[in-house]
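Reader: I'd like to go through this one label by label and hear what stands behind each. Could you put it up?

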Amino acid sequence: MTTDPYAFEEEMALSLREKMARLNVNHKLFHIIYAQQFSKEDLELICKLATIMRKISTSVQGVNFLRSLLAHKSAMLYFTQPSTRTFLSFVRACQYLGMSYAEVRDPSTSSALKGESDIDGVRTFSSYFDLIIMRHHEAGFAERTAFLMNKRRPELEENPLSVISAGSGKDEHPTQALLDVYTLKRCFERRVNGLDKLHVTFMGDVKRGRTVRSLTQLLTLYKDIEVTYVSPDELRIDKDLASFLKRNNVSYTETGRIEDVLETTDVIYVTRIQDEYDVSGESKSIDYTRFHLTLERANRMKPEAIVMHPLPRRAELDPRIDDTPRAQYWAQERNGMWVRSALIAYIMNAESKILDYYSENYSY
Ligand code: NCD
């Protein structure tokens, strides 16, 4: 049951720019709801922190240092939609930073079953935790939670509470976009133009895949990016994403044929069909095999080109690609843990301690 006793109409009616200002504290990221909240500087810093943290964590002394950073903080993981890697990578991020945490994944084990509204449920979390990490089927719910936490901030001035969206309906998956950018940076850091002038091809259900939307938004921060969407006619990108691309002067193409770009693209980002959002089983009538990346197709890509996938996969991504250097999806998974650790450290103001520790112990 979802009711709205707190009347969020005022906030929800604001422009994205005004909303984003309310999601920051002292001009710094505080609640993470939209991929568009990340500036290029935020991305640079979070990716740098992620790499530093993964290096620090290779020694016992380093792990103990990281664990001391947020030992006084706690997190609630509230995941009402299925999740494996996003959930586990956030758990590991909390563990690396020494945070205590608790989880609710099945609302039937909470008071939701007694008729409590979701919003009262999250208000309850705020009595016990400093951070809520949430995945919710309802687009906008994480954002309403963030506004709720802002409303309660005056009464608990010393205990502000951040909200991180770990996926919200079909719309947003900001931390997946972060880990995708981090993966791209790691793959292309030695390329002359870095991520500028990269050609990224999204293939599959580009209409309902929230990872496609969120990563597209971050790609526009780089120069002369070229984007191609390869999808069935029924699953083409939504009008709002198309107008976002136009507003940001990004050149993009839509096609039904992967063969058009196989030999020229730098990245193929494969996605599964998001049939959980079907209204009446419409995915069943789509021939998705045209949007499968087979090894034979992957072999036609440029030698340095890579394959990404947010996972979980079904038949759209051939497991024979796994053992080729193009496969970056397992690296994506692991990168997610470090980038989420870095993000939490950043919004909880532990970043300077990490940077100082690194320069004192690792820069010889
Ligand atoms: C994605 C998601 O939940 O949107 N998974 C993930 O977080 N790695 C992609 C998907 O489920 O297809």
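Reader: Let's start with the ligand: which residues is it surrounded by?

Author: Keep in mind that this is a predicted model. The ligand has Thr86, Arg135, His173, Gln176, Arg210, Thr211, Arg272, Gln274, Pro310, Leu311 and Pro312 around it.

Reader: What makes the pair between His173 and the ligand a polar contact?

Author: A polar side-chain atom of His173 is 2.8 Å from an oxygen atom of the ligand. The cut-off for a pair of N or O atoms is 3.5 Å, so the pair qualifies.

Reader: Which backbone atoms lie by a nitrogen atom of the ligand, and at what distance?

Author: A backbone N or O atom of Pro310 sits 2.9 Å from a ligand nitrogen. For Leu311, a backbone N or O atom is 3.0 Å from a nitrogen atom of the ligand. Both pairs are within 3.5 Å, so they count as polar contacts too.

Reader: Pro310 makes me think of Gln332. Why is Gln332 called buried or exposed?

Author: Gln332, which belongs to helix H12 (residues 329–347), has a relative accessibility of 1%. Buried means under 20%, so Gln332 is buried.

Reader: And what does Gln332 touch?

Author: Leaving out residues up to four places away in sequence, Gln332 touches Gln176, Leu179, Asp180, Thr183, Tyr269, Met308, His309 and Pro310. Two of those names, Gln176 and Pro310, also turn up around the ligand. The Gln332 side chain also reaches the backbone nitrogen of His309, at 2.9 Å.

Reader: How do you know whether Lys28 is buried or exposed?

Author: Its relative accessible area is 16%. That is under the 20% cut-off, so Lys28 counts as buried. Lys28 is in strand E2 (residues 28–29), and, again skipping residues up to four places away, touches Tyr346, Asn349 and Glu351.

Reader: What about Arg17, buried or exposed?

Author: Arg17, a residue of helix H2, comes out at 71% relative accessible area. Exposed means over 50%, so Arg17 is exposed. The C-alpha atoms of Arg17 and Gln36 are 9.5 Å apart, with their positions 19 residues apart along the chain.

Reader: Why does Cys47 get the label buried?

Author: With 6% relative accessibility, Cys47 falls under 20%, so buried is the right word. Cys47 is placed in helix H3 (residues 40–56) and touches Tyr182 and Lys185, not counting residues up to four places away in sequence. As for Ser15, 32 residues apart from Cys47 along the chain, the two C-alpha atoms are separated by 28 Å.

Reader: On to helix H7. What makes it largely enclosed?

Author: 11 of the 12 residues of H7 are buried, so the rest of the structure largely encloses it. Among the buried ones are Phe141, Phe147, Leu148 and Met149, along with Glu143, Arg144 and Arg152.

Reader: Which elements cover those buried residues of H7?

Author: The cover includes helices H1 (9–12), H2 (16–22) and H6 (118–128), plus strands E3 (74–79), E5 (131–136) and E6 (162–168).

Reader: How does the length of H7 compare with what is expected?

Author: H7 (residues 141–152) spans 17 Å from first C-alpha to last, close to the expected 16 Å.

Reader: Now the strands. Why are E8 and E9 said to pair?

Author: Pairing takes at least two bridges, and E8 (residues 226–230) and E9 (residues 251–255) have 5, so they pair, in the parallel sense. Thr228 has Thr253 as its bridge partner in E9, and the chain gets from E8 to E9 by way of helix H10 (residues 239–247), a β-α-β crossover that is right-handed. Val227 is bridged to Tyr252 of E9.

Reader: What joins E7 to E8?

Author: Strand E7 (residues 199–203) runs parallel to E8, with 5 bridges between them; that meets the minimum of two, so this is a pair as well. The crossover from E7 to E8 goes through helix H9 (residues 210–219) and is right-handed. One of the bridges links Met203 with Val230 in E8.

Reader: And what makes E8 mostly covered?

Author: 4 of the 5 residues in E8 are buried.

How values were computed. Residues are numbered from 1 along each chain as its sequence is written. This is a predicted model: local features need pLDDT of at least 70, side-chain atom pairs count only at pLDDT 80 or more; totals for chains, interfaces and linings use all residues. Side-chain values use heavy atoms; hydrogens and water are left out. The expected span of a helix is 1.5 Å times one less than its number of residues. Buried means under 20% relative accessible area, exposed over 50%, partly exposed in between (1.4 Å probe, protein chains only). Contact means heavy atoms within 4.5 Å. A crossover is right-handed if, with the strands pointing away from the viewer, the path from the first strand over the helix to the second runs clockwise. A residue is near a molecule or strand if one of its heavy atoms lies within 4 Å of it. A polar contact is a pair of N or O atoms within 3.5 Å; within protein, one must be able to donate a hydrogen and the other to accept it, and residues adjacent in sequence count only if both atoms are side-chain atoms.
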